[in-house]
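I opened this entry to look up ring contacts and cysteines, and I keep my notes below in the order in which I checked them.

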Amino acid sequence: MKKHSNLKNLALAAGLLFTLTACDLDTEPTTSLSANGIFSSTENAEKVLTGAWYNLQESFYTYRDPGWSTIDLTCDAMGSDVVVNTRYGYANMYALTATYAHEYYVNRVSWELGYETINNANGVIANIDNASGSQADINRIKGQALALRGFIYTHFAATHSFAIDKDPNAVCVPIYTEPTDEGTALTGKAASSVSEVYAQAISDLEEALALIPESYSRSAKWKIDRQVVLGLLSRVTLYARQWQKAADYSAQLLALNPYIMTEEEWRSGFNLIDNNEWIWGHPQTTDQQNCAYHFHYLDTTTEGIYYHNFNVDPFFWEKYDDGDFRKSLIHWGLVPGSDQATNTELYLRNEKFKIRSFEGEDGVGDYVMLRTSEIYLINAEANARLGNTSQALASLNAIRSARGAKVAVEGDDLVEETLLERRRELWGEGLALIDIIRNQKSVERKDWGMQEVDYAYTDEDGNVQHRQIPGQGHRFLNFPDGTPYAPNSKYYLFRIPTSEEDTNANLYSVYPKLDIY
């Protein structure tokens, strides 16, 4: 029998990751644990979760993939509304050639980090009941491990298969609920269906919600509390088209935290986890900043940023209402710090993401993973699909009113209005590709045609100068094989790596490999 090649030895992984303490991710280690002591106490078990989180967020494969934020960057680059420039980084994702290639690095990041996290969570779930410590701590830690596992299975279901209503029995990925290690004689498991993977994610998260006490007050926003679990349940039940559950869970969360960030907070640059709207995220410090490298792609207005990759489609910019302050943050700009009299790299730059501090090659900015605006939009979409017009309007317009946009009215197609609002509100937050897949939509890109823009700047003498410069729009307007963009394309899905297909003889033994491959 062949051992599953992509699940790390839990004891080895945990031993390596115990350079962290259970308190704060940026704290220097005070002790280390042997493999035999990993689950002897709730304190030690919690360090496994801390290590699993650190591994997920701070594993730095190359400059192109700074931990799990790689997945979010990929999902937006493959969508409709981001124009990736001609510099390095995410060009393959933008061209939709990356995930289709089995061994391209983003598939490895997804697969390896995903299953390493699942395996560490499985270790906690399997052993925590025998750890010394209070029952309350045992329940909470088990709940947090279940929630983390559910988060990863949500990702797999949403990106490795088409929408659940297209074919609920389509092959997805294997489900592992027990820990494995290098000594485990294990034949790889068969891949489960997309319905089964969604069901596992929902089950994990619902059990987590029952286990994590309402009284639990976390010490940092990267830790999983009931708000995080409710948010993840709102998201996964929406993806699985369980509209009533999505409406109910999102309503429960908004009852706990209805906060919507102000214009001033928005303009601060989406870089500070202390924002009251952020439900879940990953903090960065000057000593721990691997994940913050994603700002080199999202930040297009700070001088010294390396790539300035993620710019705005000019046609999408037009979809913002006049008066919407989000629109005022999008403007034509050259490479920050370049010679404005000669540079010609003119893109629509979005000031939404600005690195918090930047010196040389070091930059710090926190990573947002879940915020209440998404929950309002989940509530709006779920209620619109249920026919609950008044509630759908209330949730959708809570966001539009806060942004200075035109409010929706009865008679509008509230599902489509909400999907468009998700694109405007959540631009750059990693949900574009998932929305395309789950709604059986198509990438939408039109040829801007290098139309000239009247670009004004102030020269060194204080005089306003004007240049006519071709503005940059989308460069890729078809699938890699030359066919027009369409729903349910093989180019949208993440792939199971070839190494897994080669070593796991059981992979497609229950559900066959998709015939599109």
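**Aromatic pairs**

I began with the rings, and in this predicted model I find 28 aromatic pairs. I looked at the pair Trp 111 and Tyr 115, where the ring centres are 4.7 Å apart and the planes stand at 65°, so I enter this pair as edge-to-face, the angle being over 60 degrees. I then looked up where the two residues sit, and both belong to helix H5, which covers residues 105–127, with their positions 4 residues apart, or about one turn of the helix. Trp 111 has 0% relative accessibility and I note this residue as buried, and Tyr 115, likewise at 0% relative accessibility, is also buried.

I next turned to Trp 266 and Phe 325, an aromatic pair whose centres lie 5.9 Å from each other and whose planes make an angle of 75°, which is again an edge-to-face arrangement. Here the contact links distant parts of the chain, since Trp 266 is in helix H10 (residues 263–267) while Phe 325 is in helix H13 (residues 325–328), 59 residues apart. For Trp 266 I find a relative accessible area of 2%, so this residue is buried, the limit being under 20%. Phe 325 has a relative accessible area of 6% and is buried as well.

**A cluster, and charges over rings**

I also noted one aromatic cluster, formed by Tyr 90, Tyr 293, Tyr 297, Tyr 306, Tyr 307 and Phe 310.

Which lysines have I found over a ring? I entered Lys 352, which lies over the face of Phe 270 at 4.9 Å from the ring centre, and Lys 446, whose charged end sits over the ring of Phe 315, 4.2 Å from the centre of that ring.

**Cysteines**

How many disulfides does the count give? I arrive at 0 disulfides, and I checked two of the cysteines to see why, bearing in mind that a disulfide is a covalent bond between the sulfur atoms of two cysteines. For Cys 172 the closest cysteine sulfur is that of Cys 75, and because the two sulfurs are 14 Å apart, where the rule asks for a pair within 2.5 Å, they are too far for a bond. For Cys 291 the closest cysteine sulfur is again in Cys 75, at 15 Å, which is also too far for a bond.

I closed the entry by looking up how accessible these two residues are: Cys 172 is buried with a relative accessible area of 3%, and Cys 291 is buried with a relative accessible area of 0%.

Notes:
Residues are numbered from 1 along each chain as its sequence is written. This is a predicted model: local features need pLDDT of at least 70, side-chain atom pairs count only at pLDDT 80 or more; totals for chains, interfaces and linings use all residues. Side-chain values use heavy atoms; hydrogens and water are left out. Buried means under 20% relative accessible area, exposed over 50%, partly exposed in between (1.4 Å probe, protein chains only). Rings of Phe, Tyr and Trp (its six-membered ring) pair if their centres lie within 6.5 Å; planes under 30 degrees apart count as stacked, over 60 as edge-to-face and the rest as tilted. A charge sits over a ring if NZ of Lys or CZ of Arg is within 6 Å of the ring centre and within 35 degrees of the ring normal.
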